[in-house]
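This report describes one protein chain, working from the overall fold down to single residues. The sequence and the model are shown first.

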Amino acid sequence: MSELPPCPKCQSIYTYEDGALLICPECAHEWSAGAEAQADTGKIIKDSNGNTLNDGDTVTVIKDLKIKGSSSVVKVGTRVKNIRLVDGDHDIDCKIDGIGAMKLKSGFVKKV
């Protein structure tokens, strides 16, 4: 059995896995198991204002974004909660209310 890291918020050793997330039962903090791996690689993802983004952050869309293959548009000011950072051209994975799962580029969002 692999050793799970302690909670980064409260340093509790009682963390457990739930799918791709690690959860602390003491403070209810959730984080991605890949967050430590991302920190090790040194890749830092920043929003349009230069703020560093982390998994679980809330961001706001700064420009109307057309959705490819659809007539829908993600409007300016749309809040996106609980983002996940991924590798690739579109470096944010998220769910947008009323639209569903999306991939966004960090240059079109700002941290709230």
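The model is predicted. In it, D91 sits in the loop that runs between β8 (84-85) and β9. D91 counts as buried because its relative accessibility is 10%, and the cut-off for buried is under 20%. Apart from neighbours within four places in sequence, D91 is in contact with I45, R84, L85, V86, L104, K105 and S106.

**Overall fold**

The protein has one helix and eleven strands. Along the sequence they follow the pattern β-β-β-α-β-β-β-β-β-β-β-β. The C-alpha trace spans about 45 × 30 × 25 Å along its principal axes. Of the 112 residues in the protein, 28% are buried. Taking contacts between residues at least 6 apart in sequence, 37% join residues at least 24 apart.

**The nonpolar core**

The largest nonpolar core has 16 residues. Those with the most contacts inside this core are L53, V80, I83, I92, C94 and L104. Two or more residues of the core come from each of β4 (59-61), β9 and β10. Strand β9 gives the largest share, three residues.

C94, one of the residues with the most contacts in the core, is buried, with a relative accessible area of 4%. Setting aside residues up to four places away in sequence, C94 touches V80, I83, G100, A101, M102 and L104. Among these partners, V80, I83 and L104 are also listed with the most contacts inside the core.

**Other buried polar and charged residues**

D47 lies in the loop between α1 (34-41) and β4. With a relative accessibility of 6%, D47 counts as buried. Beyond residues up to four places away in sequence, D47 touches L53, S106, V109, K110 and K111. L53 is itself one of the residues with the most contacts in the largest nonpolar core. S106 appears in the contacts of D47 and in those of D91. D47 and C24 are 23 residues apart in sequence, and their C-alpha atoms are 28 Å apart in space.

T60 is in strand β4. T60 counts as buried at 12% relative accessibility. Leaving out neighbours within four places in sequence, T60 is in contact with G77, T78, R79, F108, V109, K110 and V112. V109 and K110 occur in this list and in the contacts of D47.

The table gives accessibility values for the residues discussed in this report.

| Residue | Relative accessible area | Class |
|---|---|---|
| C94 | 4% | buried |
| D47 | 6% | buried |
| D91 | 10% | buried |
| T60 | 12% | buried |
| C27 | 29% | partly exposed |
| N82 | 52% | exposed |

**The largest pocket**

Rolling a probe the size of a water molecule over the atoms shows where empty space is left. The largest pocket has a volume of about 300 Å³. It is lined by 16 residues, of which L21, G56, N82, I83 and R84 are the closest to its centre. The elements giving two or more residues to the lining are β3 (30-32), β9 (92-96) and β10 (100-104). By class, the lining has seven nonpolar, three polar and six charged residues. I83, close to the pocket centre by this ranking, is also listed among the residues with the most contacts in the largest nonpolar core. R84, another of the residues closest to the centre, is in contact with D91.

**Backbone angles**

Most residues other than glycine have a negative phi, and most peptide bonds are trans. N82 has a positive phi, near 55 degrees, and is a residue other than glycine. N82 lies in the loop between β7 (79-80) and β8. This residue is exposed, because its relative accessible area of 52% is over the 50% cut-off. Q11, also not a glycine, has a positive phi of about 65 degrees. Q11 is placed in the segment before β1 (16-18).

**Cysteines**

How many disulfides does a search of the whole structure find? The search finds zero. C27 is in no disulfide, and its nearest cysteine sulfur, that of C7, is 3.6 Å away. A disulfide needs the two sulfur atoms within 2.5 Å, so the C27 and C7 pair does not qualify. C27 is partly exposed, with a relative accessible area of 29%, whereas C94 is buried at 4%.

Note on methods:
Residues numbered from 1 in each chain as written. Predicted model: local features only at pLDDT ≥ 70, side-chain atom pairs only at ≥ 80, totals over all residues. Heavy atoms only, no water. 1 Å grid on protein atoms, 1.4 Å probe; cavity = no way out; pocket = protein on both sides within 12 Å on 5 of 7 lines; lining within 4 Å. Points joined across faces, edges and corners; volume = space filled by probe spheres on them. Helix = DSSP H or I, 4+ residues; strand = E, 2+ residues; numbered from the N terminus. Nonpolar A, V, L, I, M, F, W, Y, C, P; charged D, E, K, R; others polar. Buried < 20%, exposed > 50% of the residue type's maximum accessible area, 1.4 Å probe, protein only. Contact = heavy atoms within 4.5 Å. Core = buried A, V, L, I, M, F, W, Y, C linked by side-chain atoms within 4.5 Å.
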